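Trainee: Please take me through one helix of this model in close detail. Then follow its contacts outward to the salt bridges and the nonpolar cores.

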Amino acid sequence: MKIAAVTGAAGGIGEALARELHRQGVQVAVLDRDGDGAEAIAADLDALALTCDVTDRQAVTDAIDRVEDELGPIDLFCANAGILVLGGYEVAPDDWQHIWDVNVMAHVHSASVLVPRMIERGGGHLLHTASAAGLLAQIGSAPYTATKAAALGFAEYLAITYGAQGLRVSALCPQAVRTAMTAGHESGGVAGLDGMLEPAEVARIAIDGVRNGDFLILPHPEVEEYARRKADDRERWIKGMQRLNERFGLPT
């Protein structure tokens, strides 16, 4: 792995992924809608910085083209940008659309450019930052639950459909991580019951998983057991989640 690009890399998990890749000797492109933030991280890593709105397919295409023009073919693309919107059916349609565009369509946009290129080149790797919420559910947020499940499903589709053609796909599914998304919630709320991880630790685990060729990367190992319980007895699992919702859910 020589060249990687990371979206949402001006902070949080994205920044940590960029730093970990740089530490491992990979040339990194730092992509973020916050151009100044991307520049600051890139200056620290002697990396390429690009302003990129991941909800805009042309902007994603242009950013990938520039990375490949300036650095060379992308070996690993980390589709990491994501947002959280709290609430359920009452969330405004525009907010539903926005979180869908960031948490799902951004993955589709990058894949639409890179999958055919990677197949033609004989291989490549896509790392999708989803969430444990994609395997389980997010108490207090229907939009996050739905979009992270969709992101995970899309990653599975890519792995199933193109794996035999050399495309490798990984889905990063942490619980609580100390980022802007969890700011003000030192315990991490319900997602922090198994501990709040630092972004650097999540990034190290993620890149180890990529190098191992793992599809599902779980920085919180407890998630594997929770997913197994859900699959084994969904009725019992929902009852347990209802109890958690009583403790951590939004007021109704």
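Mentor: What follows starts with one helix and then moves to the charged pairs and the cores. Keep in mind that this is a predicted model.

The part to look at is helix H3, residues 57–70. H3 has 14 residues. From first C-alpha to last, H3 reaches 20 Å, close to the 20 Å expected at 1.5 Å a residue.

Look at the start of H3. There, a side-chain oxygen of Asp56 comes to within 2.9 Å of the backbone nitrogen of Gln58. Now look at the other end. Just after H3, Gly72 has a positive phi of about 125°.

Which residues of H3 are buried? They are Val60, Thr61, Ala63, Ile64, Val67 and Glu68. Viewed down the axis of H3, these buried residues fall within an arc of 165°, so they line one face of the helix. The general geometry helps here. An α-helix has 3.6 residues a turn, so residues three or four places apart point the same way.

What does that face pack against? The buried residues of H3 meet four strands: S1 (3–6), S2 (27–32), S3 (48–51) and S4 (76–79). They also pack against helix H4 (93–121).

H4 also meets H3 through charge. Arg117 forms a salt bridge with Asp65, with the closest N and O atoms 2.5 Å apart. Arg117 lies in H4 and Asp65 in H3, so this pair ties together parts that are 52 residues apart in sequence. Buried or partly exposed? Arg117 is partly exposed, at a relative accessible area of 25%. Asp65 is partly exposed too, at 27% relative accessibility.

The structure holds 13 salt bridges. Two further examples sit within single helices. Glu201 pairs with Arg204, the closest N and O atoms being 2.9 Å apart. Both lie in helix H7 (residues 199–212), three residues apart, about one turn of the helix. Glu201 is partly exposed, with a relative accessible area of 33%. Arg204 is partly exposed as well, at 34%.

The other example is Glu225 with Arg229, at 3.3 Å between the closest N and O atoms. These two are four residues apart in helix H8 (residues 222–232), about one helical turn. Glu225 counts as partly exposed at 33% relative accessibility. Arg229 also counts as partly exposed, at 49%. Elsewhere, salt bridges that share partners join Asp65, Glu68, Arg117 and Arg121 into one network. That brings us back to H3: Glu68 is among its buried residues, and Asp65 lies in H3.

Now the nonpolar side. The largest nonpolar core has 42 residues. Which members touch the most others? Leu31, Val67, Ile74, Phe77, Leu126 and Leu158 do. Val67 is also one of the buried residues of H3. The largest share of this core, seven residues, comes from H4.

Take Leu126 as a close-up. Leaving out residues up to four places away in sequence, Leu126 touches Phe77, Ala111, Leu114, Val115, Met118, Leu158, Leu167, Arg168, Val169 and Ser170. Apart from the largest core lies another, of 29 residues. Its members include Ala4, Leu21, Val30 and Ile217.

To recap H3: its buried residues line one face. They pack against S1, S2, S3, S4 and H4. Asp65 of H3 is tied by a salt bridge to Arg117 of H4.

Methods:
Residues numbered from 1 in each chain as written. Predicted model: local features only at pLDDT ≥ 70, side-chain atom pairs only at ≥ 80, totals over all residues. Heavy atoms only, no water. Expected span 1.5 Å × (residues − 1). Buried < 20%, exposed > 50% of the residue type's maximum accessible area, 1.4 Å probe, protein only. Arc of directions from axis to C-beta. Contact = heavy atoms within 4.5 Å. Polar contact = N/O pair within 3.5 Å; in protein donor to acceptor, adjacent residues only side chain to side chain. Salt bridge = Lys/Arg side-chain N within 4 Å of Asp/Glu carboxyl O. Core = buried A, V, L, I, M, F, W, Y, C linked by side-chain atoms within 4.5 Å.
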